[in-house]
Each structure stands twice: as C-alpha cells, then as structure tokens.
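Please study the sequence and the structure shown here before attempting the exercises. Each task is followed by a solution in steps.

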Amino acid sequence: MNQDYLYHPFASQRNTVFAKRGMVATSQPLAAQAGLEILQKGGNAIDAAIATAAALTVVEPTSNGIGGDAFALVWTKGKLHGLNASGPAPQSISIEKLKEKGHDKMPVFGVEPVTVPGVPAAWAELSDKHGKLPFEELLQPAIRLAEEGYPVSPILGKYWKLAAKKFQEIFKGDVYKPWFDTFTPDGKIPEIGEMFTSKGHADTLKEIAATKAESFYRGALAEKIDTYMKEHGGYLAKEDLADFAPEWVEPVSANYRGYDVWEIPPNGQGMIALMALNIAKGFEFNEFQSADSYHKQIEAMKLAFTDGKAFITEPEDMPISTEELLSDGYAEKRRAQIGEEALNPEPMALPKGGTVYLAAADDEGNMISYIQSNYMGFGSGVVIPGTGIALQNRGHDFSLDPEHPNALKPGKRTYHTIIPGFLTKDGEPVGPFGVMGGYMQPQGHFQVAVNTIDFHLNPQAALDAPRWQWINGKTVHVEPHFPNHLAQALVRKGHTIQVTTDGGSFGRGQIIWRDPKTGVLRGGTESRTDGHIAAW
C-alpha cells in the first residue's frame, strides 16, 4: 500500500499514530487505555479488545452497553475468524401478539424490541478461544472506571444530554424509571467534565467477571432480567438467555483491486459494503474528490443498499443467496444501471444508530476488529434496576409483514447493522477497520476502503476525508467541509445534496494497519468523536 504518511490536508485534526508492541484504537481514551493496560500486563490483542469493550460499556453508555450485541473478526495464527454474538428474538414473541396490542410496526422503545443480549457471551467466547490472560483480570479496568467514576468527555456529554432531554419527553411509565435512575442520577443530566459513577454497573461487571458471563445467562443476573421483564409485560425470559450461545462463522469477502475486504455474513449488513465494492470495481477512480468518482460511488452504494435492505436477514430466510449477491454477475447487472444521472430506487427510510467500535493489535501478529451496540444510542430505554444493564432495541429492525424476509419470528435474529471490517492482501493481514453508526456503517466501510485502496490515503486521512451518506431516493447528506463545487456538480447529476452539521450521523471509525515488512503498526482514529489511540 503506497501511502504517504506525512501531512495530508484531511489529517489536520490528528496525525497517523505509529507503534511496534501494540495498539488499541477506539472512541474513548479511557477505554483505549484499559486495553493498553492489559497489553502491558502480557495480554494479547484479543484480551485488550475485551478489556476495551467492557470499559466502553462504562464510559460510552450513549452508544453501547452490557445488554447489547457484538460481532468480531479475529486474525490469529494465520487465519481470520468471525464471531456473531447477536441474540435472537424471545421465544414468546410473535407478529400476532404485537398486532393484538395495536402495533402495525415494531416499536422503537420499550419491552417489545428487546432481543437476547450477546455482549457478555462474546467477551467470554473470545477469551476462551483466543485469549491469554484470565478472564476475570480483563474486566478489572472497566470495574474500576464504573466504581471510582470518570469525567464525561465532550462528544459523550453532547449525546447524553440530547438523549436525556428526548427521553424526558417520550419515556412514560414505570418501566423507564430505572433508565433515569441510572443515567440521570438525582434527576441531573451529567455535564461535560463532571465525574460519573455507576456502582450497579460495577457490581454487574464483577459478577460477569467472576462467572465468565454464566450469571448473565444462567444465574443471578438472568433471574433479575427475567423478573423485571415479567413485571412489565416483556417477552425476554431466562429461558431465552439460557439457550443463547455466540456463533463462529466463516467471514465473507470481496476482492477489490487486489485487496480482500472481509465482513461478517448475514444476518449482518456488512455484505452491503462488499456488494457496493463489487459494483464499483468496474469503474476507474483516478482522481480523488471528483464529481464523477463521487457520483459512481454513491450510485453503487445506493443499489447495494436497496438490495441489502430487501434481502438480508437470517440466511435460511433470504430469498437470494449470499453467494449470488456477491457474484460478479450480480455486480455487472447492477453496474450496468449506473449512468450519468442519479437513480431513484425504492429503499426503506434510514434511521440513525449508536454503536462503539474498536481495533487492537499486538506484537505476536494478533489483530481484532470488534464492534458492539445497544442500537439507536441507549437502546430500548429498559434498564434492569440496580445493575447498569441497559437492554438493546435490536428487534426494532424486524418487519411485522409476514411475507417480508426479515419478518419477526420467535428465536430469529434480525437484520443487523453493526459490522466489523478487516483487510488482507495475498492472504496476509493488512488490518482491522470499522465505522460505527447504524445504516452509515457499510457506507463508511465502503468509503474507507476506496480512500485507502484507490487514493492511497493514510489511516488518519482515510477517516478524516469528508463523508457522504445516501439516505433514500436521490437524497445524499454531506458534511459541512464537503467541497461546495463538488456538491453543486452532484446536484447537476440529479442528486439532492443536503449539508448536515450532525457529525455523529456520518459514523465514527478506527483503523490499524500493519506494515508486512517491519511489523510496525499505524493507526487512525475518528476526529468526529472523542477518539483515541493507545500505543505501545
């Protein structure tokens, strides 16, 4: 990869970070430091990722928590492994029951969209299969942060306040009281720079650490979840928790100009990034930031997303196979539809999302791309009293149309937005990358891959470059620093360009690349959040 690691105009916020012994890149400095602490104690990249992920549930509750889902791509001993730790719908839920309650679509908040959390099981499984240090040791930095407290960082504080003010208006009923008790103690929204502690969260992490997550699925924590859900007419039960286990899967890939880009297979939406890259590879992108290049990238993503939303769900329910969607024939057919004018497909409207991503690497050659989320920020709004466990609302993505591929069924996993990415070349690892943020994620993966491979941008520049986000129809959002003359040129091609100041809606990414000759690690972290790289 012929990259210039010196100055680049889009790397003005931060420079690429270099290290040899180890590196952790994520959206919160204290979480990255937790991972580095584990590396320096003799842990490997997988251990560091678990420690960082646990710390992120404490220091970035606006985007993830113990009650969310997780996915990982792990490079170790010369092979890439995929972990799907997304939980299914409860066995007691059904389309008929929700329609009887007056719902014509899945609710966003409350007990209905709650699915089985996969995060604690992901930590335990990763530790079992690929970790080095004792599991209990990995959660100590997170426990310390929850027990002793931490100062609220700027971007975290911004989104915490926005969410709390929104929830004060829309969360009605006793089921939501523990959310306010946990995240607005004494009725006060934490301010930027103020210390925040969560004793209940610390106690839960201690129990997860001591039991290697068994308590969460088959013990005292499972009983607390079961009791609270029963009290409030919920569907998630201790039997659902006891039946859950993460699944090791074979990652799927697309070869883009000699590099293999890897994603988790369905039920995840990572395939959309691969489909878009397959369509785009039939075009030449010779000039960085040209109207023609942006136009073709947007059109490729638009077509891939339209099909992804229509077809991706659990593999057995997909009306078209993964292999066919990633085939050259499919890509050629869709590419032929791209002309000089913006297309107008018929997608679903795209909501925003909340997720955390991390990348870690060590000097033994291990690398991990890891992502976890409660979805849409804090998740369902349902918090188990006294535990810090905020339950996800991942079930919101289910359809209540029985004929839709992603129709709600008991025990089924829904279409999933969170996706880790990984890059290899000629069978050797380049490294992990990811861009969090709901339906922006495959669009962010696509743009990072193109910036890196086509335009040879270093990791920080690849992340800092102005982003676009296809929303629906011909509507495309761009960031304020997106060049105005290019926005006008895209308008002339039929796109509806809207400038938005919500930086969070364009995703938040991390990258770690390894130099194949020297083993030197180089990392980029997101300038749109409180991102940090802990390097050793």
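The exercises below concern a predicted model.

**Exercise 1.** Identify the residues that touch the most other members of the largest nonpolar core, and state which helix gives the largest share of this core.

*Solution.* Step 1: The largest nonpolar core has 86 residues, and those touching the most other members are Trp123, Leu139, Ile368 and Tyr370. Step 2: The largest share of this core is supplied by helix H2 (residues 45–59), with twelve residues. Step 3: Another core, of 62 residues, lies apart from it; Tyr330, Ala449, Leu486 and Ala487 are among its residues.

As background, nonpolar side chains tend to be buried together in soluble globular proteins.

**Exercise 2.** List residues in contact with Ile368, leaving aside its neighbours within four places in sequence.

*Solution.* Step 1: With those neighbours left aside, the contacts of Ile368 include Ala45, Ile46 and Ala49. Step 2: Also among them are Ala72, Leu73, Val74 and Leu126. Step 3: Leu358, Ala359, Ala360 and Pro432 are in contact with Ile368 as well.

**Exercise 3.** Compare the reach of helix H14 with the expected value, and decide whether the helix is largely enclosed or not.

*Solution.* Step 1: Helix H14 (residues 291–311) has 21 residues. Step 2: From its first C-alpha to its last, H14 reaches 30 Å, which is close to the 30 Å expected at 1.5 Å a residue. Step 3: Of the 21 residues of H14, 18 are buried, so the helix is largely enclosed by the rest of the structure.

**Exercise 4.** Classify the aromatic pair formed by Trp160 and Phe196, and say where in the chain its two residues lie.

*Solution.* Step 1: The ring centres of Trp160 and Phe196 are 4.8 Å apart. Step 2: Their planes stand at 70°, and an angle over 60 degrees counts as edge-to-face; the pair is therefore edge-to-face. Step 3: Trp160 belongs to helix H7 (residues 154–170) and Phe196 to strand E6 (residues 195–196), 36 residues apart, so that the pair links distant parts of the chain. Step 4: Trp160 and Phe196 are both buried.

**Exercise 5.** Classify the aromatic pair of Phe171 and Trp179, and determine whether each residue is buried or exposed.

*Solution.* Step 1: The pair of Phe171 and Trp179 is edge-to-face, with 6.3 Å centre to centre and 85° between the planes. Step 2: Phe171 has 5% relative accessibility and therefore counts as buried. Step 3: Trp179, at 0% relative accessibility, also counts as buried.

Terms used
Residues numbered from 1 in each chain as written. Predicted model: local features only at pLDDT ≥ 70, side-chain atom pairs only at ≥ 80, totals over all residues. Heavy atoms only, no water. Core = buried A, V, L, I, M, F, W, Y, C linked by side-chain atoms within 4.5 Å. Buried < 20%, exposed > 50% of the residue type's maximum accessible area, 1.4 Å probe, protein only. Helix = DSSP H or I, 4+ residues; strand = E, 2+ residues; numbered from the N terminus. Contact = heavy atoms within 4.5 Å. Expected span 1.5 Å × (residues − 1). Phe/Tyr/Trp six-rings, centres within 6.5 Å; stacked < 30°, edge-to-face > 60°.
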